Amino acid sequence: MALIDLANPTRFLALVARALPWLAAATALAFACGLYLSWFTAPDDYQQGATVKIMFVHVPNAWLAMGVWTVMSIASIGTLVWRHPLADVAAKAAAPLGAAFTFLALFTGALWGRPMWGTYWVWDARLTSVLVLFLMYLGIIALWRTVDDPSRAGRAAAILTLVGAVNLPIIKFSVDWWNTLHQPASVIRLGGPAIHPAILTPLLTMALAFGLLFVTLHLAAMRNEILRRRVRAMGLMQAHAAQGA
Amino acid sequence: MTALAALLVRDMRLAVRIGGGALMGVLFFLIVVTLTPFAIGPDLVLLKRIGPAILWIGALLASLLALDRLFAADHEDGSLDLLLMGSAPLELTVLTKALAHWITTGLPLVIATPLLGLFLNLEPQAIGAVALTLLAGTPALTCIGLIGAALSVALRRGGLLLPVLVLPLTVPVLIFGVAASNAAITGSGFGAPFMILCALTLGSLVLGPLAAGAALRQGVE
Amino acid sequence: MLRLSATGLGCVRGFRNVFNDLNLQLSSGDALALTGPNGAGKSSLLRLLAGLLRPSAGRVAFEGDTDEGAVAERAHYLGHLDAFKTALTVGENIEFWIHYLGGEHDAAPALAAVGLESLEHLPAAYLSAGQRRRLSLARLIAVSRPLWLLDEPASALDSAGQEMLAGLMRTHLARGGMIVAATHGPLGIECKELQLGRSNQ
């Protein structure tokens, strides 16, 4: 009775062990720079004052919400087409992170909107699309947790992820259409006025910082998932050995 | 009789003989429409305004009803294994089951719409518009629901998992179905949203069986 | 003369290696009995041959066939479940499988071969466990396919039923068919044996 061959994941674990400290340090550094730039060098908005700076957290999170689904989609292709052992580990580890970033995007979006609109939520097109994306993340996580066998859960989640990837542009288009039907164009857009250089640098730095945060957390989560699966395999071996005795 | 025709007849026969499938869906639809005025008050003007939306949401939820048994019933008695071993392509087999489901669940909802529209004080023109958009849109709801049904096939306690997986994907169909209905009522702009609704249905007729077939293959392993 | 060959088959369920590098060859008229303890992989091997389970390694094919899907379309799979609908009559169940799986025979002779001809118009829900097993066997008679993959076919059958089963299997082999059957006891026909278990890892 042999453990399934985990040679690839073993090399991966060694790589992660070496890379994680550097990635964590780079993340911290990027956040330090980004926060400094956002707070001190970016100008206040003439209308919104200092609250516009929530944008520096909200926008990168919104980008990551989409970006993580892209990462999951690529991992799903890896699961379905090549049955690569690391692919569904990558997909499973990414889902809660994506959900968290999406939630942060919604949360900071609501915080940003409150001073402007007077309420926390006005169903504007962009935030509503992100809300639907959040629901889809939760659906994927629910699927992972409901199917017992990890490899079957992986394939089921992979199919749903790809179906979601195809649907996301359609949903975005539909929500935009729906929004123009029901709300006049004079509602303040979350994007604010045109982006000019003084805003661009802090924004991109924060985007880089959040991106590094994702990579760091993702690799750590993948490592944890691999270890979790090893524990599970050992448990199965033990049960099977006891049956034959 | 060809293989797929036999499957269609069998599924429709089963839907009729087991648990009154069609009537159950219509009954649920009626209940949803009845609950709404309890929640928002018997304001006829308001009901007429949101009537198309209530009918669409009711139809959407009712469509999902029989879906969780679509593949699970076959999986539980071992028929699903044999369906995969026929000579017809799996995607066509799945599409045939979807067609049987739509004829026995979706179509009755469309037929029940005029009666329910009366409860919501809708004009005949509005009723016609909603019925037409439901006719065009319920196949999309069935095909998208197929994906959730196939993904949850081997789970003994799917429960709310299927709706959780499927409902976000139905948002575009809902948006354009209601938009087309409202456009027909106000008298302008029906064409564009209706065309998009039809496009969504055609797209889901392809994507749904493809994804459901892939999900079934991994589900029987 | 048809030949089935499986080379280098590996099977992984959960994260457990059930078996690997398994080979088998069958020609027309051959029967193979799969024996071994529970969990050894008998059912998994049958599902693998039926195309319901993807092997982790190796391939299964009929001699001369380059398209692997062809095995599933030319095999009957008889699992632990009996694959019929209780809401339909006995006759409706068999007729459905005849049409769906592409059989050329009628329902009545197939039901007669397993002793269920008088029950054709009864709802399948009224059948006993042994009669349900016979109904599954009727499916194998009604639709001709060269390869029979049987998972403990004699379970739920009384001794008369087991003799009938042995007779059906002999007829099938005499017509050039092949049988792979997982079983805990003797099948009642001449066959080769493949033992699955610890020694096969």
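At roughly what angle do the axes of helix 1 and helix 6 of chain B cross? Before I answer, please keep in mind that what we are looking at is a predicted model, and that the values I mention are computed from it. The axes of helix 1, residues 3–17, and helix 6, residues 90–119, both of chain B, cross at roughly 35 degrees and come within 9 Å. If you follow the two on the screen, you can see that helix 1 of chain B passes helix 6 of chain B in a right-handed crossing.

On the helix 1 side, the contact is made by Leu4(B), Leu7(B), Leu8(B), Asp11(B), Met12(B) and Ala15(B), while helix 6 of chain B contributes residues including Leu92(B), Thr96(B), Ala100(B) and Ile103(B). When the residues of this contact are sorted by class, 9 are nonpolar, 3 are polar and 2 are charged.

Let me step back to chain B as a whole. It holds 10 helices and 0 strands, and if you read along the sequence you meet the pattern α-α-α-α-α-α-α-α-α-α. Its C-alpha trace spans about 55 × 35 × 35 Å along the principal axes. A compact globule of 221 residues would have a radius of gyration near 17 Å, and chain B, at 18 Å, agrees with that. Buried residues make up 58% of the 221 residues in this chain, and, of the contacts in chain B with a separation of 6 or more, 81% are between residues 24 or more positions apart.

Now to the place where chain A touches chain B. Here 22 residues of chain A are in contact with 19 residues of chain B. On the chain A side, the elements that give two or more residues are helix 4, 125–146, and helix 5, 150–182, and helix 5 of chain A gives the most, with 14 residues. By class, this side of chain A has 16 nonpolar, 4 polar and 2 charged residues.

Finally, the nonpolar core. The largest one has 196 residues, and those with the most contacts inside it are Ile147(B), Ala150(B), Ala215(B), Leu49(C), Ala138(C) and Leu149(C). The element that gives the most to this core is helix 7 of chain B, residues 124–151, with 16 residues. To take one of those well-connected residues by itself, Leu49(C) is in contact with Ala6(C), Val60(C), Val71(C), Ala75(C), Leu149(C) and Val180(C), once its neighbours within four places in sequence are left aside. Leu149(C), then, appears both among these partners and among the residues with the most contacts inside the core.

Key. Residues are numbered from 1 along each chain as its sequence is written. Chains are lettered from A and ligands numbered from 1 in the order in which they are written. This is a predicted model: local features need pLDDT of at least 70, side-chain atom pairs count only at pLDDT 80 or more; totals for chains, interfaces and linings use all residues. Axes are lines fitted to C-alpha atoms, for helices over the stretch in contact, and angles run from 0 to 180 degrees between N-to-C directions. Helices (H or I, at least four residues) and strands (E, at least two) are DSSP runs, numbered from the N terminus. A crossing is left-handed if the near helix is turned anticlockwise from the far one by less than a right angle, and right-handed if clockwise. Two residues are in contact if their C-beta atoms, placed from the backbone, lie within 7 Å. Ala, Val, Leu, Ile, Met, Phe, Trp, Tyr, Cys and Pro count as nonpolar, Asp, Glu, Lys and Arg as charged, and the others, Gly among them, as polar. The radius of gyration is taken over C-alpha atoms; the globule rule is 2.2 Å times the number of residues to the power 0.38. A residue is buried if 20 or more other C-beta atoms lie within 10 Å of its own, exposed if 12 or fewer, and partly exposed in between; C-beta atoms are placed from the backbone. A nonpolar core is a set of buried Ala, Val, Leu, Ile, Met, Phe, Trp, Tyr and Cys residues joined through C-beta atoms within 7 Å.
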